[in-house]
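Work through the exercises below with the sequence and the coordinates at hand. Each task is followed by a worked solution.

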Amino acid sequence: MSAVVQSARRSRSKASSALTVAALGVVFGDIGTSPLYTMKSCFTFAGATPVFSDILGICSFLVWALVIVVCIKYIGFIMRVDHDGEGGILALLALAAKPPRSGALVAAGTLTFIVVVGAAMLLGDGMITPAISVISAIEGIEVVSPGLQPWVVPISVVVLIVLFVIQVRGTEKVGRLFGPAMVAWFLAIAVAGTIAIVAHPAVLEALDPRQAIAFSGRHGIGGFLVLGGVVLAVTGVEALYADLSHFGRPPIVRAWFGLVFPSLVLSYLGEGAGLIANPHNLDNPFYTLTPGWTLIPMVVLATVATVIASQALISGAFTLVEQAIALGLAPRMEVRHTSRRIHGQVYVPAISAGLAIGCVLLAITFQSSNRLAAAFGLAVSMTMLATSLAYLAVITRVQHWNKLAAYSLVGVFVLIDGSFVLAGLPKFLDGGWLPIAVSIVL
C-alpha cells in the first residue's frame with residue numbers, strides 16, 4: 001500500500017514540476033525579459049546620468065518595484081482571488097458584480113466601466129509587448145556588428161509572424177515547448193548578473209530602499225518621472241494574473257520565488273554593476289554583461305526568450321476576451337479550448353490575428369525598442385490601477401473585509417499605481433496615445 005502511495009506522490013510531484021516549467025514558458029516571459037530594455041529607459045525618463053549614486057538609485061527602484069508590486073500586491077494579495085479558477089481584471093468584476101440571475105449580463109455601473117477600461121487598456125498595450133520584446137532582443141545583432149542594423153526590423157517581423165502562427169497549438173503545448181528555454185534564460189541572466197556583481201559588489205547597496213528615496217530627492221521631477229521607466233519592469237504582472245486560469249496559483253508562485261524573482265534581481269544589479277565599471281555601457285547595459293564569445297549565444301537565447309515573452313500577454317488576452325464574452329461585454333466569436341485537462345486554456349483566432357497584425361505594424365513603424373519604450377507602459381499602468389479598484393470591491397462586497405483594513409491596503413496600491421500612471425503621462429505624445437487609441441476602440 002505504501003508503495004502505491006509513494007508512486008502516487010511521485011506522479012503528483014512530476015506533474016507539479018512539469019506544470020511549473022510550463023508556467024515559466026507562458027506566464028513569465030513578459031516580466032522575465034524586461035532587463036533587455038528597462039535600465040536604459042529609466043535613465044532616459046529621469047534625465048539621469050550613469051554616475052555611481054544614480055546607478056544605485058535606479059537599481060533600488062527596480063528591485064523594490066518587483067518586491068512591492070509583484071511579490072506583495074499581486075502574489076501576496078490579488079492572485080489569492082479568483083473566479084472559478086480564473087484570474088484577471090474581468091474575473092474580479094464577475095465576483096464583485098454578480099448578475100442577478102443565471103445567464104444575465106453583468107450590470108452596468110461605475111465598477112463595470114472602470115474594469116472595461118482597464119481590460120481594454122491591457123489589450124491595447126499588449127500589442128506593444130511582443131513588438132518591443134522581440135525587437136529589443138534582435139537589436140543584439142547590432143552589438144555583434146553595427147552593419148547588421150538594417151536587418152533588425154525584417155528579422156523581428158519574421159519572428160513575430162512565427163510566434164502567432166504557433167498559437168493554434170494551445171497554451172499547454174506551447175508551454176512545454178517554451179518552458180525549458182525560459183529555465184535556460186533565467187539561469188543565464190542570473191549567472192551573467194552574478195559575475196558582474198562579484199566584480200563590483202558596491203552595487204549591492206541598491207538593496208537599501210533609501211537609495212531610491214535619495215535618487216528622487218536629488219532629481220526633483222526627474223526623480224518622479226523615472227517611474228515611467230521603472231513600470232516597464234513590472235508590466236508583465238497583469239498578464240501574469242490573467243494567465244492564472246492556465247496553470248493555477250501554486251505553480252506560478254513556485255516558479256516566481258524559486259527562479260524568476262532572484263534571477264531578475266541579479267540581472268538588474270548586474271547591469272548596475274556593469275554601469276559602475278563603465279558608464280558607456282548605458283548604450284546597451286544588458287548585452288555588455290556578456291562580452292566576447294558569450295555575446296552571440298546570449299543574443300540567440302534572448303531572441304527565443306522574447307518570443308516566449310509575448311506568450312504571457314497573448315494567452316492572457318485570450319482569457320480576457322473569453323471572460324468578456326461570458327459577461328456580455330464583447331461580441332461572440334470563436335473560442336477554442338485547447339486542453340482537456342485545464343478548462344481555462346483557450347485560443348481565440350480573431351484576437352490572435354488582430355494582435356499579429358498590430359504587432360507587425362508597430363515593429364515596422366517604430367523601428368527600435370527605444371521608440372517603443374516611449375509608448376509602452378502607460379496603458380497597462382491604468383490597468384493596474386483599475387485592478388486595484390476592482391480588488392477593493394471584491395474584498396469589501398464579497399469577502400467582507402474590515403473596511404479600514406481594506407481601504408488602507410488598497411489605498412497604498414492606488415498610490416503606487418497612480419504614481420506609475422502620472423509618471424507615464426509624458427509618454428502620451430511620444431507614442432503612448434497609440435495603445436490608448438486602440439483601447440478606446442475596444
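**Exercise 1: the largest cavity**

The largest cavity is lined by Asp30, Leu122, Asp125, Gly126, Thr129, Thr235, Ala239, Leu313, Phe376 and Val380. The model is predicted, so local features need pLDDT of at least 70 and side-chain atom pairs count only at pLDDT 80 or more, while totals for chains, interfaces and linings use all residues. Residues are numbered from 1 along each chain as its sequence is written, and side-chain values use heavy atoms, with hydrogens and water left out.

Task: state the volume of the largest cavity and sort its lining by class.

Solution. Begin with the rule: on a 1 Å grid over the protein atoms alone, a cavity is a set of points where a 1.4 Å probe fits but cannot get out, a pocket is an open set with protein on both sides within 12 Å along at least five of seven lines, and lining residues have an atom within 4 Å of a point. Grid points are joined across faces, edges and corners, and the volume is the space filled by probe spheres set on the points. A search of the whole structure gives 1 cavity of 30 Å³ or more. The volume of the largest cavity is about 50 Å³. Next come the classes: Ala, Val, Leu, Ile, Met, Phe, Trp, Tyr, Cys and Pro are nonpolar, Asp, Glu, Lys and Arg charged, and the others, Gly among them, polar. The lining then splits into 5 nonpolar, 3 polar and 2 charged residues. Helix 6 (residues 110-126) gives the largest share, 3 residues; helices (H or I, at least four residues) are DSSP runs numbered from the N terminus.

**Exercise 2: two pockets**

Task: for the largest pocket and the second largest pocket, find which helix gives the largest share of the lining.

Solution. The largest pocket has a volume of about 410 Å³. Its lining has 19 residues, with Ala120, Leu123, Leu329, Ala330 and Leu442 nearest the centre. Helix 6 supplies the largest share, 6 residues. By class the lining of the largest pocket holds 18 nonpolar, 1 polar and no charged residues.

The second largest pocket has a volume of about 330 Å³. Of its 16 lining residues, Phe61, Trp64, Ile68, Leu227 and Ile416 are closest to the centre. Here helix 4 gives the largest share, 6 residues. The lining of the second largest pocket divides into 13 nonpolar, 3 polar and no charged residues.

**Exercise 3: helix 16**

Task: compare the expected span of helix 16 with the distance between its end C-alpha atoms.

Solution. The expected span is 1.5 Å times one less than the number of residues. Helix 16 (residues 249-277) has 29 residues and should therefore span 42 Å; its end C-alpha atoms are 40 Å apart, which agrees. Helix 16 also bends by about 50° at Trp256, the bend being the angle between axes fitted to the seven residues ending there and the seven starting there.

**Exercise 4: His400**

Task: is His400 buried or exposed?

Solution. Buried means under 20% relative accessible area, exposed over 50%, and partly exposed in between (1.4 Å probe, protein chains only). His400 has 60% relative accessibility and so counts as exposed. His400 sits in the loop between helix 20 (378-397) and helix 21 (403-424). Its phi is positive, about 55°, although His400 is not a glycine. Most residues other than glycine have a negative phi.

Note on methods. Helix = DSSP H or I, 4+ residues; strand = E, 2+ residues; numbered from the N terminus.
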